[in-house]
Amino acid sequence: MEFWCFLNLKATLIAPLLILFFHFSKKLYSKFLNPPSSSTLHLPSPSSSGHPPASQSRTPEIVSDSDLKFLIDSLDEKLDEEEKWENVFDKKTDFLSYIAKCCRPKDKPLKYLSTTVFESCSPELLRDFYMDNDYRKVWDKMVIDHVQLQVNTANGIEIGRTVKKFPLLTPREYVLAWRLWEGKDRTFYCFIKECEHPSAPRQKKYVRVRYFRSGWRIRKVPGRDASEIRMFHQEDAGLNVEMAKLAFSRGIWSYICKMDNALRKYSAINHPLTTSVSSATLIQKVPPELDTLSGDTPPAVSASMATLGTVNDEPREKKLSRIPSKKIIAKSLLVAGGVICLSRGHAGLGAKVAMAYILTKLRKHCDSSSQSRQTRGT
């Protein structure tokens, strides 16, 4: 009996050792003898000095001229004529105007297209303001952290990592590559997309944004001391579509006003961009064949007037595509449940957001119904 107990104890001790040996041998084999292949571009990590490397190696271009063409076509709404855009926001003051609309492509994240006009602002100042990520950490309270990872001095591509906080949600992590171009008549372009970098491994405390396409065009408004920035934006941050639209429409104006205040203060301080190596100091020239594509669309002044007409006159698409009241209530309650669940126990805040969404949907439905009755009456 003692002999069998001794064997049982010995086997119990040996089994975990065999499992550990097998586990470590498998890791060593995969690390040294069979390195995994990757189709994602990984650029060299920064040096140990703490400064991002200024690389001149001939690596494939993460952001290329084809991305610039995609951006120009997106800003001029030339990609998909069947996309139905919905007006989301339209507001202005004496020094600022903002227009935004969105559409929902099939099997892809929401697309946003916005135009902002800043009075008493040059295109160069607006460009430097948008590209100054260190200053953004000062005025944009959503940005928790931003680190420059790499700059390629040959093609002007910059890579960085940004962490943003969202109310009631896990912070989102962005590892992005971007590039700037300068076209005719002091017109500037920037295109940004997601990428991977060895100096930014994934962390469990953040949610890595897996899809990001964004870009803008900055140019002077003719005949006025003003500049406009027209922006295309599409990202998948793991948010509910209806919640994202509601949060955008409720919070975008205060964010734009905060940006305008930061821009006015920025014009009075020294610009650190002129003393550091970044994509803003390595601006590329727009290829001639693409420079002729841009500039045909009239600036934001005429575009805003056209949009104001559609907002005030309630576009006919909304009237024709009315949803029955039962479906509106069911959809609203479904989203309300999602909002409350995502509030992680903050029932009061979740209920407020949910009720705001429901009331907005019902108000739109009532307005469209009353307008249709008035039309039939006349």
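Author: A residue is called buried here when its relative accessible area is under 20%. By that rule Tyr112 is buried, and so is Phe248. Please keep in mind throughout that the model is predicted.

Reader: How much of the protein counts as buried, and how many helices and strands are there?

Author: Of the 378 residues, 40% count as buried, and the chain holds ten helices and twelve strands. The accessible surface comes to about 22,300 Å², with 59% of it belonging to carbon and sulfur atoms. Among contacts with a separation of 6 or more, 65% are between residues 24 or more positions apart.

Reader: What makes Tyr112 and Phe248 an aromatic pair, and why is the pair called tilted?

Author: Their ring centres lie 4.5 Å apart, which is within the 6.5 Å limit, so the two rings pair. The angle between the planes is 35°, and because stacked needs under 30 degrees and edge-to-face needs over 60, the pair is tilted. The two residues are 136 apart along the chain, with Tyr112 in strand S4 (residues 111-119) and Phe248 in helix H5 (residues 241-266). The whole structure has 13 aromatic pairs.

Reader: Why is the pair of Phe129 and Trp139 called stacked?

Author: The centres of the rings of Phe129 and Trp139 are 5.7 Å apart, again within 6.5 Å, and their planes meet at 20°, which is under 30 degrees, so this pair is stacked. Phe129 belongs to helix H3 and Trp139 to helix H4 (residues 133-139), ten residues apart. Both residues also belong to one aromatic cluster, whose other members are Tyr130, Tyr135, Trp216, Tyr255 and Tyr266.

Reader: How do you know whether Phe129 and Trp139 are buried or exposed?

Author: Phe129 has a relative accessibility of 1% and is therefore buried, since that is under 20%. Trp139, at 7%, is under 20% as well and therefore also counts as buried.

Reader: What makes you say that helix H3 is mostly covered?

Author: Helix H3 (residues 123-131) has eight of its nine residues buried, namely Pro123, Leu125, Leu126, Arg127, Asp128, Phe129, Tyr130 and Met131. Asp128, for instance, has a relative accessible area of 9%, and because this is under 20%, the residue is buried.

Reader: What makes the approach of Asp128 to Arg127 a polar contact?

Author: The side chain of Asp128 comes to 3.0 Å from the side chain of Arg127, a distance within the 3.5 Å limit, and adjacent residues may be counted because both atoms are side-chain atoms. Asp128 also has its C-alpha 7.2 Å from that of Ala280, although 152 residues separate the two along the chain.

Reader: Why is the charge of Arg127 said to sit over the ring of Phe188?

Author: The charged end of Arg127 is 4.7 Å from the ring centre of Phe188, which is within the 6 Å limit, and because the rule also asks for a position within 35 degrees of the ring normal, the arrangement is described as over the ring. Lys164 likewise lies over the face of Tyr174, at 5.4 Å from the ring centre.

Reader: How do you know that Cys102 is in no disulfide?

Author: A search of the whole structure finds zero disulfides. The cysteine sulfur nearest to that of Cys102 belongs to Cys103 and is 7.1 Å away, and because a disulfide requires sulfur atoms within 2.5 Å, Cys102 is not in one. Cys102 has 3% relative accessibility, under 20%, and so counts as buried. Cys190, with a relative accessible area of 0%, is therefore buried too.

Reader: What makes the link between Glu194 and Arg213 a polar contact?

Author: The side chains of Glu194 and Arg213 approach to 2.3 Å, and because this is within 3.5 Å, the approach qualifies as a polar contact. Glu194 lies in strand S8 (residues 188-194), and a polar atom of its side chain is 3.0 Å from the backbone nitrogen of Phe212. Beyond its neighbours within four places in sequence, Glu194 touches several residues, including Val175, Leu176, Val209 and Tyr211.

Reader: Which residues of helix H2 are buried, and what covers them?

Author: In helix H2 (residues 65-75) the buried residues are Asp67, Leu68, Leu71, Ile72, Asp73, Ser74 and Leu75. Their cover includes S4, S8, strand S10 (211-220) and helix H6 (288-291). Just after H2, Glu77 takes a positive phi of about 55°.

Conventions
Residues are numbered from 1 along each chain as its sequence is written. This is a predicted model: local features need pLDDT of at least 70, side-chain atom pairs count only at pLDDT 80 or more; totals for chains, interfaces and linings use all residues. Side-chain values use heavy atoms; hydrogens and water are left out. Buried means under 20% relative accessible area, exposed over 50%, partly exposed in between (1.4 Å probe, protein chains only). Helices (H or I, at least four residues) and strands (E, at least two) are DSSP runs, numbered from the N terminus. A polar contact is a pair of N or O atoms within 3.5 Å; within protein, one must be able to donate a hydrogen and the other to accept it, and residues adjacent in sequence count only if both atoms are side-chain atoms. Contact means heavy atoms within 4.5 Å. Accessible areas come from the Shrake-Rupley method with a 1.4 Å probe; for residues, only the protein chains shown count as cover. Rings of Phe, Tyr and Trp (its six-membered ring) pair if their centres lie within 6.5 Å; planes under 30 degrees apart count as stacked, over 60 as edge-to-face and the rest as tilted.
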